[in-house]
Amino acid sequence: KDARQAVSSDQVKRKVALTCELLEEKLATMRGAVTMAFPMGLPSYDPIRVALEDETHTAEIYGEKQLNPETAELWWASK
């Protein structure tokens with residue numbers, strides 16, 4: 001819920017910038033929550049573990065292309 005609020009279109013209305021540091025903080029929070037919920041760790045094949053720990057295989061699991069941060073553009077319409 002906290003991560004969803006951070007990337008919400010309401011943040012645009014409030015003129016709150018979305019930064020890499022904020023995204024990294026939210027990812028760290030999610031990693032911590034998973035660690036607390038599964039203290040023995042998730043299996044190596046678990047999609048949540050792979051998504052949070054191994055960025056190179058996330059696209060393979062979800063069938064998405066990795067975006068190049070140099071050329072990627074974010075488009076949305078909230079009006």
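**Briefing: buried and surface residues around helices H1 to H3**

Gln11 is located in helix H2, which spans residues 9-13. The model discussed here is predicted. The points below concern two buried residues, Gln11 and Leu22, and a nonpolar surface patch that includes Val7.

**Gln11 in helix H2**
- Gln11 has a relative accessibility of 14% and therefore counts as buried, the cut-off being under 20%.
- When neighbours within four places in sequence are set aside, the contacts of Gln11 are Gln5, Ala6 and Val16.

**Leu22 in helix H3**
- Leu22 belongs to helix H3, which comprises residues 20-37.
- Because its relative accessibility is 19%, Leu22 is classed as buried, given that the term applies under 20%.
- With neighbours within four places in sequence left aside, Leu22 is in contact with Ala6 and Ala17.
- Ala6 thus appears among the contacts of Gln11 and also among those of Leu22.
- A separation of 19 residues in sequence lies between Leu22 and Ala3, whose C-alpha atoms are 9.2 Å apart in space.

**Val7 and the nonpolar patch**
- Val7 is situated in the loop that runs between helix H1 (2-6) and helix H2.
- The relative accessible area of Val7 is 49%, so this residue is partly exposed; exposed would require over 50%.
- On the surface, Val7 joins Leu18 and Leu23 in a nonpolar patch.
- Together, the three residues Val7, Leu18 and Leu23 present about 250 Å² of accessible area.

Key: Residues are numbered from 1 along each chain as its sequence is written. This is a predicted model: local features need pLDDT of at least 70, side-chain atom pairs count only at pLDDT 80 or more; totals for chains, interfaces and linings use all residues. Side-chain values use heavy atoms; hydrogens and water are left out. Helices (H or I, at least four residues) and strands (E, at least two) are DSSP runs, numbered from the N terminus. Buried means under 20% relative accessible area, exposed over 50%, partly exposed in between (1.4 Å probe, protein chains only). Contact means heavy atoms within 4.5 Å. Patches are made of residues with over 30% relative accessible area and no salt bridge: like charges are joined within 9 Å, nonpolar side chains (Val, Leu, Ile, Met, Phe, Trp, Tyr) within 5 Å. Accessible areas come from the Shrake-Rupley method with a 1.4 Å probe; for residues, only the protein chains shown count as cover. A salt bridge is a side-chain nitrogen of Lys or Arg within 4 Å of a carboxyl oxygen of Asp or Glu.
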